[in-house]
Every structure is written in structure tokens, then in C-alpha cells.
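Dear colleague,

Please find the structure below, handed over for your use. The findings follow it, beginning with the interface.

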Amino acid sequence: MAAIFLGVGAATALSPSNCFDSKKFQLSTRRSLSGRKPWFLVVRSDGSVNLGSNQRSRRTQQLITNAVATKADSAASTSASKQGHELLLFEALREGLEEEMDRDPHVCVMGEDVGHYGGSYKVTKGLADKYGDLRVLDTPIAENSFTGMGIGAAMTGLRPIVEGMNMGFLLLAFNQISNNCGMLHYTSGGQFTIPIVIRGPGGVGRQLGAEHSQRLESYFQSIPGIQMVACSTPYNAKGLMKAAIRSENPVILFEHVLLYNLKERIPDEEYICNLEEAEMVRPGEHVTILTYSRMRYHVMQAAKTLVNKGYDPEVIDIRSLKPFDLYTIGNSIKKTHRVLIVEECMRTGGIGASLTAAITENFHDYLDAPIVCLSSQDVPTPYAGTLEEWTVVQPAQIVTAVEQLCQ
Amino acid sequence: MATAYSSAKFVQPLSLNSTINGRSRDNSLFDPLKTGTSFLGSTRKLRVNSVHSNQGNVRRRLPVVAVSEVVKEKKLITKQEGLELYEDMILGRSFEDMCAQMYYRGKMFGFVHLYNGQEAVSTGFIKLLKKEDSVVSTYRDHVHALSKGVPARAVMSELFGKATGCCRGQGGSMHMFSKEHNLLGGFAFIGEGIPVATGAAFTSKYRREVLKEADCDHVTLAFFGDGTCNNGQFFECLNMAALWKLPIVFVVENNLWAIGMSHLRATSDPQIYKKGPAFGMPGFHVDGMDVLKVREVAKEAIERARRGEGPTLVECETYRFRGHSLADPDELRDPAEKARYAARDPITALKKYLIESSLASEAELKAIEKKIDEVVEDAVEFADESAPPPRSQLLENVFADPKGFGIGPDGRYRCEDPKFTEGTAHV
């Protein structure tokens with residue numbers, strides 16, 4: 001589903017230097033507001049077309065109001081307001097990061113190429129110039145050790161953010177993440193807290209090959225003592241980043257390689273997203289579709305088709321992968337009685353598998369049909385584009401699944 | 001300070017190889033040339049061809065001095081320091097012996113790794129630290145905890161699994177932590193603690209340079225064994241510590257055996273101290289059975305770190321008198337080797353030194369031993385009488401912020417559920 005944003009006077013994409021100065025930018029948008037007509041910025045994120053500012057097409061589409069992503073939990077609703085500023089998801093992450101680094105001098109970043117290079121996805125661009133090489137630390141390629149270093153720093157009073165250049169690299173840090181990050185608070189009898197944030201891009205990209213297309217949320221989910229969240233829009237990316245940094249618990253923030261160029265208007269005022277809550281993307285009546293990260297966009301695209309076919313899906317972006325927000329999910333199930341889970345994890349042992357179990361355990365009586373879980377195939381992600389497309393869930397499959405579920 | 005121990009020469013790693021090799025020969029009280037090959041292991045001869053061939057050319061002619069001669073010139077320790085060191089080592093030894101007793105009586109379970117024989121390293125290093133300095137250890141951490149100042153009662157209770165233990169009974173023998181005394185653990189996997197120590201050192205540097213706390217000169221000590229020195233985390237952290245000049249000292253307790261694996265059988269180049277210069281830090285080798293020597297080297301290494309000159313690698317040649325753990329039958333090690341090292345018992349050596357240099361009398365030392373006996377007995381009593389953790393403790397420390405357990409089906413946070421605080425909630 002294409003996320004449609006109202007962009008007023010936002011013809012030029014935000015360059016990194018602009019986005020630091022959001023107030024300044026806001027002023028300029030206000031000035032330009034008066035003389036401009038609103039136009040639609042369509043960002044397609046179905047994995048087959050270029051994302052973001054490169055491909056801005058002005059299409060006046062039939063606006064199906066319900067099919068659009070609305071932020072149910074934000075104070076400023078973007079569709080109508082002229083406040084806020086527009087930016088790309090990676091800029092939103094950077095903004096959140098910068099605000100927290102300004103707010104608390106104990107917040108620091110460490111990872112490969114986060115400093116001078118600005119981050120492989122530009123999330124930390126410019127920060128090293130502003131905060132210095134020690135606060136935005138370029139580490140050698142030693143994931144296990146620098147993650148452990150982050151944990152030691154967290155134990156002794158700092159609030160580090162460890163960036164995995166690709167989430168898959170954090171497999172090398174599994175020892176530290178599992179044993180120390182997750183368990184140390186417990187084994188020390190509560191004496192040491194580990195307010196660390198581990199973040200990085202994961203998920204299936206565009207023909208990145210098997211090892212760069214991993215979904216580590218399924219491997220990490222059993223580790224006791226950590227929280228996992230996945231961001232999917234610039235709004236919740238910034239909100240979750242800030243919440244994760246402020247949290248006293250170790251949080252793993254999963255970003256997605258293909259979502260970094262999503263553009264959205266976010267509020268100027270400071271806000272945080274709750275780490276444990278799910279996000280209602282589209283209220284509906286017929287079926288509950290639970291999803292997260294990139295699959296949210298596949299689901300929304302399928303939702304458009306479904307709406308045209310007369311279905312009314314309720315789409316929830318679960319956001320919190322561990323723990324699950326069973327309240328939001330439960331309320332939805334109690335309303336619709338049918339559940340479809342759409343995820344990018346592997347079939348075996350993925351987030352969907354856990355979610356299926358949790359729902360069955362808690363809401364079995366409310367279900368009119370078995371839970372359907374659409375996940376990626378248990379296949380190492382192939383390089384060939386055609387094969388890669390068939391390993392992840394596509395909107396057409398989602399439509400078919402809903403139709404079958406709602407029979 | 002005798003020139004033989006001066007650290008000023010060690011700043012440039014390139015010349016270190018020779019000087020260290022030169023010094024190590026002359027360091028120990030017991031002539032290593034006699035026990036030359038056997039100091040690195042009991043079952044194999046050390047092949048040191050390549051090392052020796054380079055020696056002649058680059059070795060500096062340092063005055064060769066044995067410790068005893070240095071001592072005659074200048075006192076290494078005062079009486080008070082001497083008694084403090086003795087008391088700490090006796091505490092370590094008695095405590096560990098009591099642990100063994102209690103284990104066989106069924107008061108503690110699981111894996112218990114005792115430190116008998118290695119007390120000189122712990123005492124030699126940790127007694128030089130301030131309270132704010134951090135120590136990171138391995139599973140053989142009881143004595144590190146005691147030396148750092150964690151009360152014997154708290155450690156014994158932890159071993160018994162009682163709620164009054166230093167980690168509320170949740171850590172156990174291998175996970176001793178104390179925030180008050182800056183003991184950052186207690187790690188079961190080898191090598192796991194070294195990055196944590198590097199992080200603590202990083203915080204110290206960060207405080208000084210970013211937070212502008214100019215007087216922050218906290219040093220971190222990382223203790224680990226010979227087996228760990230073949231592990232990736234060791235090398236990765238040596239690199240990072242040297243790269244950023246972190247205030248850390250890497251202390252290798254080379255007791256020649258990793259459970260049943262002889263250091264020589266596992267390591268291509270068994271001389272661990274040489275790995276320091278490869279990363280740009282000085283590498284020391286010291287006789288770990290002699291607390292005074294360890295202390296001298298430790299002083300330099302710690303001062304170096306405090307001055308901001310970066311990390312040091314110190315290899316302490318030591319030995320554990322007991323098996324790897326209380327479950328280890330210890331059949332593989334040569335009894336002759338054990339006997340040889342038993343003759344170098346650090347406690348006996350210090351006692352001899354204190355008496356011979358008239359720093360303390362036999363009676364004073366006996367009094368210390370008696371006092372420690374009482375401390376250890378008291379610790380056992382305390383642990384015995386303490387209550388085990390109640391069920392309500394089960395879920396308490398999983399998260400620092402218990403909201404991390406999430407929102408339950410009823411809309412409330414799970415941690416607000418009364419069953420949660422009772423420990424019976426299913427999360």
C-alpha cells in the first residue's frame with residue numbers, strides 16, 4: 001500500500017543539514033504555505049519500485065480515506081495539520097538520537113562507521129562532528145567485543161546505543177546480547193542496570209543475498225530480560241528511538257533496510273512512542289491483521305485491494321515484538337474473531353509463531369477460525385530477484401489469505 | 001624504585017620483547033632457568049628456539065637483580081601493608097577451603113571454582129585499587145570479590161543461594177556482583193567479561209573527556225586465565241583498549257591448565273605477555289606466586305592506566321592447587337608439578353618474608369589467622385541462618401523497568417498484576 005502524505009512546500013527533500021534545524025525549516029514551510037496548493041506525495045514501498053524522494057509522482061488518486069495509514073496515537077494528525085516537518089525515516093531516527101544526545105550527555109553511540117562515515121544508512125551522519133569522536137565512536141570490526149563494551153559502559157553509568165551495521169552482524173554478538181545484556185541485571189540481583197539500545201537494519205532488502213537479509217528478531221526473542229521493538233514509519237521510528245534510549249531496560253530496535261527512505265510529516269514537538277504498545281494502523285471489522293516493519297506496507301497495499309473487494313480489515317502494527325501488546329491485539333480479536341499474522345520472519349520459530357501461540361493461549365474462545373500466519377519461507381534468501389520475491393509474503397498472498405479466512 | 005621494575009621503558013612496544021624476556025628470566029625468587037622449561041607446563045618441554053635466537057642482538061644489558069637483594073636496599077612494603085596483604089591472602093585461602101567443605105556437605109551446588117594457590121594475584125592487584133576502581137573476573141571469582149571488599153558473609157550467602165547473598169542468591173558462585181564495591185562480575189563463559197571491563201574503562205575515559213570530570217581516573221582490572229588468551233574477545237579487546245588508550249589492566253592468571261587442557265597444548269605461542277606489544281601495549285610477565293612481585297608490577301600498570309597512558313597486559317605465572325572446579329577429579333596434572341608449586345605457596349612465602357625482614361612476628365600472623373577463621377565461621381553461620389529467596393523474588397529483577405513484561409490481555413501492565421509480585425504470574 002502506498003502511504004500517502006500531504007506535503008506542503010516540501011518540494012526539496014530534506015538535506016541532512018536542514019533537518020538539524022527543524023525550527024528553521026518549519027519557519028520556511030510556514031512562509032511558503034500561503035501561496036501553495038497542497039499536493040500528494042506518494043511513496044510506494046511494495047518492494048518493487050524506488051522509494052522515497054527519488055520517485056515523487058504527483059498522482060491525484062482516489063483517496064480511500066480508510067486505507068491510508070493514520071496515526072491513532074499521535075496528538076498531531078498529519079493528514080490535515082500544517083504543523084510538523086517532513087523527513088525521511090533515517091532522518092527521523094537521527095533526530096530522535098540527536099535530541100536524546102542533547103538532553104543527556106551520557107548518551108553515546110558506538111558501532112562500525114557511525115562516526116566519520118555517518119553510518120552506513122546515514123542515521124548518524126553529522127553527529128560525530130557535533131559531539132566528537134568519543135561520543136560517536138567508530139569501532140573496529142569486533143561485534144562481540146564492542147557490544148560487550150557497550151554493556152560494560154551501560155553498567156557503569158553511560159547510556160550507549162550500539163549500532164549493528166546490519167542486524168545480521170549481531171549474530172556475532174549473540175554471546176554478549178544473551179548472556180550479559182539480557183541476563184546481567186538478574187544475575188547481579190538487580191544491582192546493575194543495562195540501559196543499552198542495540199539497533200540496526202535487518203530484514204530482506206533488494207537482492208542483498210542470504211547473509212545480509214536476516215531477521216534476527218526470531219533468534220533474540222527467547223532471551224529473557226530484553227525488549228524488542230520494530231519501527232515502521234518515521235513517526236514511530238523517532239518515537240521508539242527516544243523511548244528506547246530513555247528506557248532502563250536493554251532494548252533492541254529493529255529497523256528495516258528498505259524503509260529508510262520513507263517520508264512522513266512528524267510533529268515538531270517532542271514525543272515518545274510507548275515501547276510496549278502496538279499501533280492501530282487501520283480500524284476494521286472483519287479480520288485482524290497483525291504485522292510489523294516492512295510487512296505493514298504489504299498489508300496496507302493488500303488492504304486497498306481488500307477494501308475494493310468489500311472487506312474491512314483491521315490492521316495492527318504490533319511494534320513491540322517482545323513483549324506483545326496483548327491488550328490491543330486482544331481487543332481486536334474480540335471484535336473481529338479472525339486473525340491473520342503477516343511477518344517477514346521465517347516460518348519456523350519466528351515472531352509469528354510466538355504470536356500464534358500467545359493468541360491461542362489467551363484468546364482461543366474468541367476465534368471463529370484458526371489463526372493464519374503468513375511468514376517468509378524457511379529458505380536462505382536467494383540473490384535472484386524473482387526467487388527473493390517468492391520467499392517473502394506478497395500482497396496477493398495476503399489478499400488470498402483474508403478471503404479464505406473470511407469465508 | 002629499582003630500575004629493573006621501571007615502566008618508563010615499556011611505553012614503546014617494539015623494544016619490549018627483549019627487555020621483558022630479559023627481565024622475566026631474572027624475576028622470580030626461584031631461578032626459572034632451573035625450572036626453565038617447566039614453568040610453562042608440566043608435560044612438555046617449551047620450544048623457545050625462535051624467541052631465543054633474537055635475544056642476543058636486541059637485549060639490553062639490564063642489571064640483573066633478584067627481589068631479595070632489592071628488598072635489602074629498600075623496603076617494598078610497610079608493616080601495615082604487609083599485614084594487610086597477609087590477611088587478605090589468608091582470607092582467600094580459608095574461605096575457599098571452607099567452600100570445599102560446605103560443598104561436600106551439600107550446602108552449595110553446581111559449579112564451584114576455587115582459587116587456592118592464586119591468592120597472590122588477587123591480593124597483589126586488588127589491594128592497590130580504590131573503591132571506585134572496577135574489577136571484572138571470571139567464574140573463579142570468590143577471592144576477587146573478597147579482595148575488593150565484598151563481605152565474606154555476602155559471598156558465602158550467595159554461594160548457599162540465600163536471599164542475603166550479594167546477588168540475592170540469583171547469581172551463584174560464578175556470578176558475583178557488587179555495585180557498591182564495583183565488582184562487575186563474575187562471568188561463566190570465558191572471555192565474556194573482558195569486553196565488559198573494556199566498557200567500564202571506556203566509561204572512565206568518557207567521564208574524563210566528555211563529561212569533563214577531570215579527576216576521574218578510575219582504573220579497571222580484567223582477570224582471566226590462560227585459556228581465555230586464545231579467545232577472540234581477548235584479542236579484540238586488547239586492540240580496542242590500546243587503540244583508545246583505555247585505563248585498563250589485563251591480568252592473565254596463567255595457571256597453565258584450562259580444565260584438562262595444558263596451556264602448551266592449546267597455544268601456538270605460550271608466552272602470553274608477548275601478545276601485548278603486538279597490539280601496542282606493554283606486556284609484563286611476573287611470578288604470580290609472589291605477592292610482592294605482583295604488587296610491584298601491578299603498581300606500575302595501574303599507575304600507567306591512571307595517568308591515561310593506556311592499557312597493560314600482565315601475565316602472572318601462577319597455579320591452582322585444587323582442580324578446575326570441585327567436580328574436577330584433577331587426575332591429569334603431574335603430582336610432581338603440583339608439589340613444585342605447593343613449595344611456592346604464596347602465603348608461606350609472604351609469611352617467611354615478613355618474619356625474616358622483621359615486619360611482623362609469628363604471633364601477629366597467628367592472630368590474623370585466628371581472626372580470619374572466625375570471620376569465615378561467622379560467614380558460614382550467617383549464610384546457614386539466612387532464608388532462601390521467597391517466591392516473590394522470582395520475577396523481580398528480570399527487568400530494571402518491569403514494564404518490560406508488557407501489557408496483559410486485560411490492559412494492565414503485567415507487573416501490576418498482584419500475582420507478579422508474588423512470583424506466580426506467568427509472564
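In this predicted model, 52 residues of chain A are in contact with 52 residues of chain B, contact meaning heavy atoms within 4.5 Å. The two chains bury about 4,300 Å² between them, 64% of it on carbon and sulfur atoms; buried area is the accessible area (1.4 Å probe) that two parts lose on being put together, summed over both. On the side of chain A, Leu134(A), Tyr186(A) and Gln191(A) lose the most area to chain B, together 16% of what that side buries.

Between chain A and chain B, 21 residue pairs are in polar contact, both residues at pLDDT 80 or more. A polar contact is a pair of N or O atoms within 3.5 Å, of which, within protein, one must be able to donate a hydrogen and the other to accept it; residues adjacent in sequence count only if both atoms are side-chain atoms. The rule finds zero salt bridges across this interface (a side-chain nitrogen of Lys or Arg within 4 Å of a carboxyl oxygen of Asp or Glu). Helix α5(A) gives the largest share of the side of chain A that touches chain B, eight residues; helices and strands are DSSP runs (H or I, at least four residues; E, at least two), numbered from the N terminus.

As to conventions, residues are numbered from 1 along each chain as its sequence is written, and chains are lettered from A and ligands numbered from 1 in the order in which they are written. Local features need pLDDT of at least 70, side-chain atom pairs count only at pLDDT 80 or more, totals for chains, interfaces and linings use all residues, and side-chain values use heavy atoms, with hydrogens and water left out.

The largest nonpolar core has 149 residues, and Phe220(A), Ile359(A) and Phe125(B) are among those with the most contacts inside it. Such a core is a set of buried Ala, Val, Leu, Ile, Met, Phe, Trp, Tyr and Cys residues joined through side-chain atoms within 4.5 Å. Its largest share, twelve residues, comes from helix α4 (residues 79-104) of chain B.

Two residues other than glycine have a positive phi, near 55 degrees: Arg319(A) and Ser358(B). Arg319(A) counts as buried, at 0% relative accessibility, whereas Ser358(B) is exposed at 63% (buried is under 20% relative accessible area, exposed over 50%, partly exposed in between; 1.4 Å probe, protein chains only). The peptide bond from Lys322(A) to Pro323(A) is cis, with omega near 5 degrees.

Yours sincerely
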